[in-house]
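Work through these exercises with the structure open. Each task is followed by a stepwise solution.

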Amino acid sequence: MKLDAIDLRILDAVQRDGRITKLALAEKAGLSPTPCWMRLRKLEKAGVITGYHARLAPRRIAPVASVMMEVTLANHRQADFERFERAIAAIPEIVACWSVGGGVDYILKIIAPDIDAYQRLVDGLLDRELGIDRYFTYIVTKTVKEETVLPVSSFAASGEDQSAS
């Protein structure tokens, strides 16, 4: 799907404010409301927009421990990766998981009520025999930056149309 400057303005606006009104979105995009709304629907149908969410402040809800975890699997067959990824996808405390290149296989972001709960989660993963060879834990002591807004304006090269993957 080709994205133009108007599409990028729409994406920028809705990711900053998922509750933006049709009229305000049209103004930010530089279109009248109906064509703007049609473009928004097209972006949703194409899977460029995957949902609308409220951003929560977990520590205002309850005390939590944020943990980053590096995981290396013992074996590197496709079935090993699939088994691990299926298990991880089903655990709500694991809020993000990235398969990465380099010295480790995965980096996980985990939100748990406390460090003991985190360790119980890890013990459960190890008991399930998911092929974890090693893991390293990093306790987040302070969040310096955690941005959910993508810099879509930088995706445009000199205003030319860009292809979305």
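**Exercise 1.** How are helix 1 and helix 2 oriented to each other?

This is a predicted model, where local features need pLDDT of at least 70, side-chain atom pairs count only at pLDDT 80 or more, and totals for chains, interfaces and linings use all residues. Residues are numbered from 1 along each chain as its sequence is written, and side-chain values use heavy atoms, leaving out hydrogens and water.

Step 1. Locate the helices, which are DSSP runs of H or I with at least four residues. Helix 1 spans residues 5-16 and helix 2 residues 22-29.

Step 2. Take the angle, which runs from 0 to 180 degrees between N-to-C directions. The two helices pack at about 135 degrees, with axes 8 Å apart.

Step 3. Classify. Under 35 degrees is roughly parallel, over 145 roughly antiparallel, 65 to 115 roughly perpendicular, and the rest oblique. Helix 1 and helix 2 are therefore oblique.

Step 4. List the contact (heavy atoms within 4.5 Å). Helix 1 gives Ile6, Arg9, Ile10, Ala13 and Val14; helix 2 gives Leu25, Lys28 and Ala29.

**Exercise 2.** In which order do the four strands form the open sheet?

Step 1. Apply the pairing rule: DSSP must find at least two bridges between two strands. Strands themselves are E runs of at least two residues.

Step 2. Read the order: 3-4-2-5, with antiparallel pairing. Strand 3 and strand 5 (132-139) are the edges, each pairing on one side only.

Step 3. Check one pair. Five bridges join strand 3 (residues 94-99) to strand 4 (residues 106-112). Trp98 stands opposite Ile107, and Cys97 has Leu108 as its bridge partner.
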